[in-house]
Protein chains: 2
Amino acid sequence: MARNKHPEETVRLILDTAIPLFMKNGYEHTSIQDITDHLGGLSKGAIYHHFKSKEDLLAAVTDRITSESNQMLARIRDRSDLTGIEKLQAMFRESVCRPVQNDIFTIAPDFHKNPQLLFSLLHDITENVVPDYILPIIQEGIEDGTIKTDYPQQLAELILLAANLWMNPMIFESSVEETCAKIMIFRQMMQGFGLNIIDDTIIKRLQELTSIYQKHR
Amino acid sequence: MARNKHPEETVRLILDTAIPLFMKNGYEHTSIQDITDHLGGLSKGAIYHHFKSKEDLLAAVTDRITSESNQMLARIRDRSDLTGIEKLQAMFRESVCRPVQNDIFTIAPDFHKNPQLLFSLLHDITENVVPDYILPIIQEGIEDGTIKTDYPQQLAELILLAANLWMNPMIFESSVEETCAKIMIFRQMMQGFGLNIIDDTIIKRLQELTSIYQKHR
């Protein structure tokens with residue numbers, strides 16, 4: 001095999017090939033051989049040179065998905081033209097509206113068979129997403145007077161867990177109708193905290209994602 | 001071995017012996033031999049006659065703990081002297097005030113090593129506790145005018161997940177101070193739903209349980 005002068009390009013090629021296969025056929029039903037078959041000349045050895053195992057490759061896929069989301073959150077956090085509450089709303093709107101969500105809801109990883117992955121995701125929320133992105137936005141809102149709370153960290157945690165765990169049909173099975181009811185209760189909860197940010201765009205998009213999930217499960 | 005005429009008594013004796021050992025030393029650090037040593041004459045064979053394995057015994061222990069809680073919830077649900085919202089408050093107060101909670105917070109099962117158990121508990125909430133106990137209470141509150149919501153099932157789910165998952169220091173590590181902040185945000189959420197039921201008794205008891213957990217971890 002020729003010496004690879006651009007390993008980062010190989011890694012990108014492998015991820016670009018693996019992601020749609022995982023999305024389409026599911027992680028469990030995609031073998032390293034399947035990925036090789038779509039890599040146009042790269043060998044299995046080339047994959048194993050960069051990823052020790054299929055689990056290792058999945059971790060890289062997860063990192064890429066999370067990193068896109070984190071870059072989006074960082075961009076909103078660092079804007080200077082929005083108040084705290086406007087940033088919080090932008091964050092919700094962009095999170096649900098990102099096109100990659102269609103792919104995620106199409107793969108719909110089966111968390112019932114993957115409780116460890118669920119646990120990691122939950123802890124990623126409280127240990128990374130809250131302190132790095134949401135808490136600074138809420139604190140900015142407290143300073144500019146658009147958000148009122150004595151407990152910004154706990155407010156951030158409760159909101160994100162409700163949105164990412166409870167409202168996620170991949171984790172708690174729910175029909176499009178039940179998801180609508182969840183969104184209404186979530187919006188009421190947000191209003192109870194003085195956060196009137198769940199608008200029609202967000203609601204329609206959440207319904208759309210649930211119906212994509214229902215079609216592909 | 002003499003034929004056992006009262007198998008249910010033997011099962012009760014085994015559970016009465018196993019529970020405090022699991023509580024005190026932890027499930028991982030309690031062997032079937034340890035339980036036999038405390039059983040006063042009963043043999044290992046007697047345990048294995050009733051429980052195929054230590055996991056099987058743990059399931060019976062979990063059932064007993066859940067069944068006490070479910071009996072308490074059923075008693076409150078079926079009272080005729082309380083309004084819907086009073087039942088919801090009684091349910092919260094009795095849940096946290098039950099003495100068995102001290103034992104549970106002392107064992108403090110390590111959910112980080114037990115994501116499957118966590119997943120089962122989450123689904124037990126939405127599949128059993130909500131429909132059998134909480135939803136009927138909320139519906140009664142809607143009928144008697146003490147609770148107002150268009151989405152009783154989703155309201156019940158969100159409340160229980162916040163209380164049992166997010167506010168549980170065994171799942172989301174938190175100091176006594178952080179737990180207090182969570183309780184305040186939870187109370188504010190409940191007030192946003194028109195449910196002014198988290199009183200000082202409940203708050204003090206939750207702080208007490210967190211400090212029991214912190215002492216024994």
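Reader: How many residues do chain A and chain B each bring to the contact?

Author: In this predicted model, the contact draws 31 residues from chain A and 31 residues from chain B.

Reader: How is the size of such an interface expressed, and what is the figure for chain A and chain B?

Author: Interface size is often stated as the accessible area that is lost when the parts come together. Here chain A and chain B bury about 2900 Å² between them. Carbon and sulfur atoms account for 77% of that area.

Reader: How many salt bridges and how many polar contacts cross the interface of chain A and chain B?

Author: The rule finds two salt bridges across the interface of chain A and chain B. One of them joins Lys182(A) to Glu157(B). Their closest N and O atoms are 3.9 Å apart, and the cut-off for a salt bridge is 4 Å, so the pair counts. As for polar contacts, two residue pairs across the interface qualify, both at pLDDT 80 or more.

Reader: Which elements of chain A give two or more residues to the side that touches chain B?

Author: They are helix 7 (115-144), helix 8 (152-166) and helix 9 (176-192) of chain A. Helix 8 of chain A gives the most, with nine residues. Sorted by class, the side of chain A that touches chain B has 19 nonpolar, nine polar and three charged residues.

Reader: What turn and what shift lay chain A on chain B?

Author: In general, two copies of a chain are related by a rotation about an axis and a shift along it. For this pair, a turn of 180 degrees with a shift of 0.1 Å along the axis lays chain A on chain B, with an RMSD of 0.1 Å. This is therefore the relation of a two-fold axis. The same surface serves both copies, as 100% of the contact residues of chain A recur in chain B.

Reader: Which residue of chain A comes closest to the rotation axis?

Author: Gly192(A) does, with its C-alpha at 2.0 Å.

Reader: Now a single residue. Where does Ser174(A) lie, and is Ser174(A) buried or exposed?

Author: Ser174(A) sits in the loop between helix 8 and helix 9 of chain A. Its relative accessibility is 4%, so Ser174(A) counts as buried; the cut-off is under 20%.

Reader: Which residues is Ser174(A) in contact with, leaving aside neighbours within four places in sequence?

Author: Ser174(A) is in contact with Pro169(A), Thr179(A), Lys182(A), Thr210(A) and Gln214(A). With Thr179(A), the side chain of Ser174(A) makes a polar contact of 3.1 Å. Lys182(A) is also the residue that forms a salt bridge with Glu157(B).

Terms used: Residues are numbered from 1 along each chain as its sequence is written. Chains are lettered from A and ligands numbered from 1 in the order in which they are written. This is a predicted model: local features need pLDDT of at least 70, side-chain atom pairs count only at pLDDT 80 or more; totals for chains, interfaces and linings use all residues. Side-chain values use heavy atoms; hydrogens and water are left out. Contact means heavy atoms within 4.5 Å. Buried area is the accessible area (1.4 Å probe) that two parts lose on being put together, summed over both. A salt bridge is a side-chain nitrogen of Lys or Arg within 4 Å of a carboxyl oxygen of Asp or Glu. A polar contact is a pair of N or O atoms within 3.5 Å; within protein, one must be able to donate a hydrogen and the other to accept it, and residues adjacent in sequence count only if both atoms are side-chain atoms. Helices (H or I, at least four residues) and strands (E, at least two) are DSSP runs, numbered from the N terminus. Ala, Val, Leu, Ile, Met, Phe, Trp, Tyr, Cys and Pro count as nonpolar, Asp, Glu, Lys and Arg as charged, and the others, Gly among them, as polar. Copies are superposed by least squares on the C-alpha atoms of residues with pLDDT of at least 70 in both. Buried means under 20% relative accessible area, exposed over 50%, partly exposed in between (1.4 Å probe, protein chains only).
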